[in-house]
Amino acid sequence: MLPIGEVAERSGLAASAVRYYEKAGLFHAERTAGNQRLFRRDVLRRLAFIRIAQRVGLSLQEIVEALNELPVNRA
């Protein structure tokens, strides 16, 4: 499990972008007792897919639909 700062650093995105994509339903985080977000490592692959999909012109809704075809917690 990775904290949001590490996910942001490894993906090259701002933490606010990671939170935005989580809120948009592209992936989810588990919460600690202190309400800290923790992400599975497969989120890094999803973020890479999101960035590439945006570069080729897919809308956020199209990306959500594509990722919803995958099993939960799988990249």
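# Salt bridges, sheet and helix contacts

Biologist: Starting with glutamate 6, what does its relative accessibility count as?
Modeller: Partly exposed, at 29% relative accessibility for glutamate 6. Bear in mind that this is a predicted model.

Biologist: Which side chain does glutamate 6 meet in a salt bridge?
Modeller: Arginine 10, with N to O at 3.0 Å. Arginine 10 is partly exposed too, its relative accessible area being 47%.

Biologist: How are arginine 10 and glutamate 6 placed in helix 1?
Modeller: They are four residues apart in helix 1, which covers residues 4–11, so about one helical turn separates them.

Biologist: How many salt bridges turn up in the whole structure?
Modeller: Three, from a search of the whole structure. Another of them joins glutamate 22 to arginine 37, where the closest N and O atoms are 2.6 Å apart. That pair links distant parts of the chain, with glutamate 22 in helix 2, arginine 37 in strand 3, and their positions 15 residues apart.

Biologist: Is glutamate 22 buried or exposed?
Modeller: Buried, because its relative accessible area is 15% and the cut-off for buried is under 20%. Arginine 37, at 21% relative accessibility, counts as partly exposed.

Biologist: And what else is glutamate 22 in contact with?
Modeller: Setting aside neighbours within four places in sequence, the contacts of glutamate 22 are Phe27, His28, Ala29, Arg31, Arg37 and Phe39. With alanine 29 there is also a polar approach: a polar atom of the glutamate 22 side chain lies 3.4 Å from the backbone nitrogen of alanine 29. For orientation, helix 2 spans residues 15–23 and holds glutamate 22.

Biologist: Which residues make the remaining bridge, the one with aspartate 42?
Modeller: Arginine 40 bridges to aspartate 42, and their closest N and O atoms are 2.9 Å apart. Arginine 40 counts as partly exposed at 36% relative accessibility, while aspartate 42 counts as buried at 9%.

Biologist: On to the sheet. What is the strand order?
Modeller: The sheet is open, has three strands in the order 1-3-2, and pairs antiparallel. Its edge strands are strand 1 (2–3) and strand 2 (30–31), each of which pairs on one side only.

Biologist: How many bridges join strand 2 to strand 3?
Modeller: Two, and the strands run antiparallel, with strand 3 at residues 37–39. Within that arrangement, arginine 31 stands opposite arginine 37 of strand 3. Arginine 37 is the salt-bridge partner of glutamate 22, and Arg31 is among the contacts of glutamate 22.

Biologist: What about the loop between strand 2 and strand 3, where asparagine 35 lies?
Modeller: Asparagine 35 has a positive phi of about 70°, although it is not a glycine. Threonine 32 lies in that loop as well. Threonine 32 is partly exposed, with a relative accessible area of 28%.

Biologist: How far apart in space are threonine 32 and alanine 14?
Modeller: C-alpha to C-alpha, 21 Å, with their positions 18 residues apart in sequence.

Biologist: Back to the start of the chain. What does methionine 1 touch?
Modeller: Not counting residues up to four places away in sequence, methionine 1 touches Glu30, Leu38, Phe39 and Arg40. Methionine 1 sits in the segment before strand 1.

Biologist: And how far is methionine 1 from isoleucine 52?
Modeller: Their C-alpha atoms are separated by 24 Å, and the two residues are 51 residues apart along the chain.

Biologist: Which residues make the nonpolar surface patch with Ile52?
Modeller: Val56 and Leu58 join Ile52 there, giving a patch of about 280 Å². Leucine 58 is in the loop between helix 3 (42–55) and helix 4 (60–68). The relative accessible area of leucine 58 is 36%, so this residue is partly exposed.

Biologist: Then alanine 53: buried or exposed?
Modeller: Buried, with 3% relative accessibility. Alanine 53 is in helix 3. Apart from neighbours within four places in sequence, alanine 53 is in contact with Leu58 and Ile63.

Biologist: How far apart are alanine 53 and alanine 66?
Modeller: In space 9.9 Å, C-alpha to C-alpha, and in sequence 13 residues.

Terms used. Residues numbered from 1 in each chain as written. Predicted model: local features only at pLDDT ≥ 70, side-chain atom pairs only at ≥ 80, totals over all residues. Heavy atoms only, no water. Buried < 20%, exposed > 50% of the residue type's maximum accessible area, 1.4 Å probe, protein only. Polar contact = N/O pair within 3.5 Å; in protein donor to acceptor, adjacent residues only side chain to side chain. Contact = heavy atoms within 4.5 Å. Pairing = 2+ DSSP bridges. Patch = residues over 30% accessible without salt bridge, like charges linked within 9 Å, V, L, I, M, F, W, Y side chains within 5 Å. Areas by Shrake-Rupley, 256 points an atom, 1.4 Å probe, with all protein chains shown as cover. Salt bridge = Lys/Arg side-chain N within 4 Å of Asp/Glu carboxyl O.
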